Amino acid sequence: MEERRPRARRSTGVPTGGAAAVRPQRLADVAALRTGRMLTGIGELDRVTGGGLVPGSILLIGGEPGIGKSTLMLQVCSRLVQEGMSALYVTGEESVEQVRLRAERLGVNLERMFVLSAVEIDEVKAAIEELSPALVVIDSIQTVYSGALASAPGSVGQVRECTAELSRQAKCRRMVVFVVGHVTKYGAIAGPKTLEHMVDTVLYFEGESFQQYRIVRAAKNRYGSTNEIGVFEMTETGLVEVENPSVFFLSDRRADTSGSAVVATVEGTRSLLVEVQALVASTPFAVPQRVATGFDARRLNMLICVIERRAGISAAGKDVFINVAGGLRLTEPAADLATVAAIASSVRDLPLPADMVFVGEVGLAGEVRRVGRIENRLTEASRLGFRRALVPRGVLSRMRVPAGFEAVAVETVAEAFGQAGLG
Ligand code: TYD
Ligand code: MG
């Protein structure tokens with residue numbers, strides 16, 4: 001790879017505060033960072049960014065093509081422009097006419113919003129100099145390039161160089177810079193992954209573009225907690241925030257069907273109820289399939305073995321499909337118990353109790369292990385009308401169970417299946 005050294009390394013462009021900054025300072029003497037955050041007014045986005053955008057920061061927003069990155073960015077521009085700020089939208093993917101058309105459809109005030117169809121980073125810099133916008137969107141980073149490098153736009157060297165320059169601009173001009181990056185299912189070539197450590201905040205769109213739901217997750221955040229998610233619905237007029245995601249994730253649930261279990265999961269600072277679906281069926285193949293959507297496939301294989309050996313629920317010679325409804329990806333081990341319950345329910349072809357949620361990690365010995373934030377989870381379950389929960393033993397002593405709600409502590413998966421009527 002060529003990677004010509006970018007011009008000179010002398011200046012980072014970051015204000016250093018003169019000679020004092022090169023000597024060690026007492027932290028107490030460092031001026032406190034004023035985090036006068038810019039609220040976008042899009043509640044779910046303000047949530048994932050940790051309470052609004054921080055001036056002087058650069059954010060990466062990644063996701064598959066067609067998921068809604070450009071739409072969300074235009075909506076952010078729209079809100080800030082409404083607040084009297086100016087925004088520059090650099091489009092390398094769509095023509096300025098296309099952007100106008102879409103902005104009109106989204107109801108963007110076109111007066112203070114500037115659009116630039118430029119792809120050379122110096123042109124972008126010149127425009128920033130001229131306009132001094134509060135917000136800059138680069139859509140996408142794969143289409144901008146620096147003339148100082150010989151490689152093609154979208155190459156690792158180019159995206160890194162351009163991101164570094166944009167980051168310098170953000171820091172010295174106290175602007176918010178959003179950099180849009182495409183990721184494909186299998187990780188893009190020169191994809192946003194290589195930029196993650198260069199930016200302050202990384203947001204990824206999850207879910208599938210054919211679904212209505214769009215989930216934006218903070219994978220990294222220097223200004224807030226990570227793993228916070230924002231839930232949106234794609235509509236005719238752009239992305240609309242979903243204010244009650246649990247209701248949303250459970251809306252298509254058929255509680256009277258076998259293979260459906262509800263987990264009270266935790267995403268960032270809030271608990272969400274999500275349906276885990278399992279289907280276990282005899283296979284036409286020599287090697288049965290284990291397919292998981294929204295759940296780790298290796299963990300699924302492990303759980304299948306655990307319930308076979310520890311609870312006598314066998315899926316041997318059967319295909320097992322797992323689907324997390326709504327396009328959410330369940331990554332916390334607390335979803336294990338719901339997953340094994342869904343599998344067992346499908347194997348037995350018996351529906352689980354409709355008013356029951358499941359919380360707990362499952363270990364190799366078939367034990368149900370403790371997880372955190374039980375109170376949050378049960379409160380959310382109770383709020384949504386659930387009446388019972390199976391939880392790990394030992395988590396109930398220091399918490400208040402919501403009124404009218406029954407939390408049943410279980411020690412093993414076998415015991416959990418018994419409590420859930422699958423015994
Ligand atoms: P887009 O934001 O262009 O995705 P990305 O920039 O991530 O590639 O839009 C995604 C899809 O959303 C596109 O197929 C059209 C659809 N869409 C709507 O349904 N409603 C809308 O208001 C807009 C702007 C787009
Ligand atoms: Mg786009």
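Which atom of ligand 1 lies 2.9 Å from a polar side-chain atom of arginine 102? In this predicted model, the partner of that arginine 102 side-chain atom is an oxygen atom of ligand 1. A second side-chain approach to the ligand is made by threonine 71, a polar side-chain atom of which is placed 2.5 Å from an oxygen atom of ligand 1. The backbone also takes part, in that a polar backbone atom of isoleucine 67 is found 3.3 Å from an oxygen atom of ligand 1. In total, ligand 1 is surrounded by 16 residues, of which Gly66, Ser70, Thr71, Thr235 and Gly238 are the closest.

Several of these residues recur in the packing of two helices. Helix H2, spanning residues 69-82, and helix H3, spanning residues 96-105, have axes that come within 10 Å and cross at roughly 65°. With an angle of that value, H2 is roughly perpendicular to H3, and the crossing of the two helices is right-handed. On the H2 side the contact is formed by Ser70, Thr71 and Leu74, and on the H3 side by Val99, Arg102 and Ala103. Sorted by class, the residues of this contact comprise three nonpolar, two polar and one charged. Thr71 and Arg102 thus belong to the contact between H2 and H3, while threonine 71 and arginine 102 each also place a polar side-chain atom beside an oxygen atom of ligand 1.

A further helix pair is formed by H4 (residues 121-131) and H5 (residues 156-173), which pack at an angle of about 10° with their axes 11 Å apart. The angle makes H4 roughly parallel to H5. In this pair, Ile121, Val124, Lys125, Ile128 and Glu129 of H4 are met by Cys162, Glu165, Leu166, Gln169 and Arg173 of H5, and the contact residues divide into five nonpolar, one polar and four charged.

Helices H7 (residues 297-311) and H8 (residues 336-348) likewise pack against each other, at an angle of about 60° and with their axes 10 Å apart. These two helices are therefore oblique to each other, and the crossing of H7 and H8 is right-handed. The residues that meet are Arg299, Leu300, Leu303, Ile304 and Ile307 from H7 and Asp336, Thr339, Val340 and Ile343 from H8; by class, six of the contact residues are nonpolar, one is polar and two are charged.

Two features of backbone geometry complete the description. Most residues other than glycine have a negative phi, and most peptide bonds are trans. Against this background, the peptide bond that joins aspartate 139 and serine 140 is cis, with omega at about 5°, and serine 140 is located in the loop between strand E4 (135-139) and H5. Aspartate 349, although not a glycine, has a positive phi of about 55°, and this residue is located in the loop between H8 and strand E14 (356-358).

Technical notes:
Residues numbered from 1 in each chain as written. Chains lettered and ligands numbered in written order. Predicted model: local features only at pLDDT ≥ 70, side-chain atom pairs only at ≥ 80, totals over all residues. Heavy atoms only, no water. Axes fitted to C-alpha atoms, helices over the stretch in contact; angles between N-to-C directions. Helix = DSSP H or I, 4+ residues; strand = E, 2+ residues; numbered from the N terminus. Parallel < 35°, antiparallel > 145°, perpendicular 65-115°, else oblique. Left-handed = near helix turned anticlockwise from the far one by under 90°. Contact = heavy atoms within 4.5 Å. Nonpolar A, V, L, I, M, F, W, Y, C, P; charged D, E, K, R; others polar. Near = heavy atom within 4 Å. Polar contact = N/O pair within 3.5 Å; in protein donor to acceptor, adjacent residues only side chain to side chain.
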